[in-house]
Each structure stands twice: as structure tokens, then as C-alpha cells.
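Reader: I have a structure open at my bench and would like to walk through it with you. Could you take my questions one by one?

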Amino acid sequence: MRNFVVAIDGPAGSGKSSISTIVSQRTGFTHVDTGAMFRAVTLYALENNIKLDDENAYGFLDDLKLIFKNDHTYLNGRDVSNEIRTDIITNNVSTVAKIARVREKMIEYERESAKEGLILMDGRDIGTVVLPNADLKVFLTASKEERAKRRLKENLERGIETTYEQVLEDIIARDYKDSHRAIAPLRCPEDAIVLDTTDLTIEQVVEKLIELIDRGMGNGRI
Ligand code: CDP
């Protein structure tokens, strides 16, 4: 079986998940959305009144069953794909993501998921820490104003009422936390191709990524 691993990193709202979902559907790559897994751990912690910034409160991770399959996230067998996108999760996930035990559990799952086949994994530390030997590394970015506009539109479509100012503030705060944490902070891998999507449509970014994969696989066709 042919192996090819693509690592996609980038800040909040840069479009990693939506782009990766479409590209995986068109190419047959398996998408692994690592942000969704961190969100699922956050959901479990909030539901069980865990003190989020207490490293010792995460013993529950040993028994937690997390699965990301066909763009759905399962927490102990329950499909939590919608619940993990709510504001309360978005606003708390960066606190959970800096806990060493959480990152250790994730890295295990992430590396196991990328062991073989055609894999497209998106997150914050995939090209730098999780899969430093990925065949292709892409860093997706866009101006914070554009990312806030996109997130606002997404929220409206989901029936979540927020203002542009609030979303922008949340994005800036989360970017800061993600890039300044001690373990595996968000940064652009040195050997990544940077794609600034500020002025690009989703379709244009999808095409560009498929072109990069195609070229990387060296067969002119996926
Ligand atoms: O979709 P969005 O860009 O809002 O975020 P996400 O990809 O769902 O990731 C949610 C959060 O999980 C991030 O803000 C990070 O705090 C954390 N995360 C991480 O630390 N490492 C990863 N590889 C992926 C996500």
C-alpha cells in the first residue's frame, strides 16, 4: 500500500479543517482532525467538572476512548461532532491543550493514525512535533480579520449569535495561547509551504493543496 503523509498546520480559523475535509473527499486521503480530539477531551473535562488547569486532574485520559473517523468525532462511543464546536469548548480548548498529559495522549493517537496509507492530518504541531518526517508540510494562514469574518459566518450558519468584535478577540486570544505555550507551540515548520489564503476562495485553496499533493507524490495524478 502506498504511504503519503500530509501535515497541515495553522492558526484558528485558517480553514485547515474545512479544506482538509474537502481535499480528503476528493483524493481518497484519510483526514485526521487533531483539533477535534482536543475539543473532545475538553468536552469530557467540562461535563465531568474537571479543573481544567490542574495537570493532576487528567487521570481519566487513560480510560478515555477517542476516535476520529469519516469526519466524525466519537467520545467513548458517543458522536460529539456538533457539541465540540460550541463556544464554551472553543473558549476552553487552549487551556486543555497545554496540559502535558493531554498532549502525550494525543501524540500517541496521532502517530498511530498516521502509520500507514494516505493521511492528511491537521492541527497546530503536526509538521513540527507529531510528524516531523511528513512527506508534505503546509502552513495555512490568513489575516486575523479575514479569519474572524469566516468564523463569524460559520457561527451564524450554526445559529450561534456572536459579534465580529467578539470573534476577533477570541481568535487573537487563542492564537496567543497556542503560540506561547511551553509544549509544542503553534509555529510554522521550517520546511513547510506557506499558503496565505486571505484573498483565496475555498475552491482555490483546495485546488492548490491538491496540486501540491499531486506534485509531492510525483505521479501527476492522485
Ligand atoms: O478549527 P479551529 O482552528 O478553531 O481549531 P481546532 O483546529 O479545532 O483546534 C482547537 C484547539 O486545539 C486549538 O486552538 C489548540 O489549542 C488545540 N490544538 C493543539 O493544541 N494541537 C493540535 N495539533 C490541534 C489543536
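Reader: Which helix gives the largest share of the shell around the ligand?

Author: This is a predicted model, in which local features need pLDDT of at least 70 and side-chain atom pairs count only at pLDDT 80 or more, while totals for chains, interfaces and linings use all residues. Residues are numbered from 1 along each chain as its sequence is written, and side-chain values use heavy atoms, with hydrogens and water left out. Helices are DSSP runs of H or I with at least four residues, strands are runs of E with at least two, and both are numbered from the N terminus. At least two shell residues each come from α2 (34-47), α3 (87-97) and α7 (164-180), and the largest share, four residues, belongs to α2.

Reader: Thanks! By class, how many charged residues does the shell have?

Author: Around the ligand there are 20 residues, the closest being R39, D125, R151, R174 and D178; a residue counts here if one of its heavy atoms lies within 4 Å. Asp, Glu, Lys and Arg count as charged, Ala, Val, Leu, Ile, Met, Phe, Trp, Tyr, Cys and Pro as nonpolar, and the others, Gly among them, as polar. The shell has five nonpolar and five polar residues, and the charged ones number ten.

Reader: What percentage of the ligand's accessible area does the protein cover?

Author: Let's start with polar contacts, meaning pairs of N or O atoms within 3.5 Å. Polar side-chain atoms lie 2.7 Å from a ligand oxygen atom for R174, 2.8 Å for R151 and 3.3 Å for K16. On its own the ligand has 530 Å² of accessible area (Shrake-Rupley method, 1.4 Å probe), and the protein's cover amounts to 98%.

Reader: Now the rings: is the pair of Y58 and F60 stacked, edge-to-face or tilted?

Author: Rings of Phe, Tyr and Trp (its six-membered ring) pair if their centres lie within 6.5 Å; planes under 30 degrees apart are stacked, over 60 edge-to-face, and the rest tilted. The structure holds three such pairs. For Y58 and F60, the centres are 5.5 Å apart and the planes meet at 35°, which makes this pair tilted.

Reader: And one on strands: which residue in β4 stands opposite I67?

Author: Strands pair if DSSP finds at least two bridges between them. β3 (residues 66-69) and β4 (residues 72-75) are antiparallel, with four bridges. On β3, I67 and K69 form the uncovered face, while L66 and F68 form the covered one. Across from I67 in β4 is Y74.

Technical notes:
Buried means under 20% relative accessible area, exposed over 50%, partly exposed in between (1.4 Å probe, protein chains only). A polar contact is a pair of N or O atoms within 3.5 Å; within protein, one must be able to donate a hydrogen and the other to accept it, and residues adjacent in sequence count only if both atoms are side-chain atoms.
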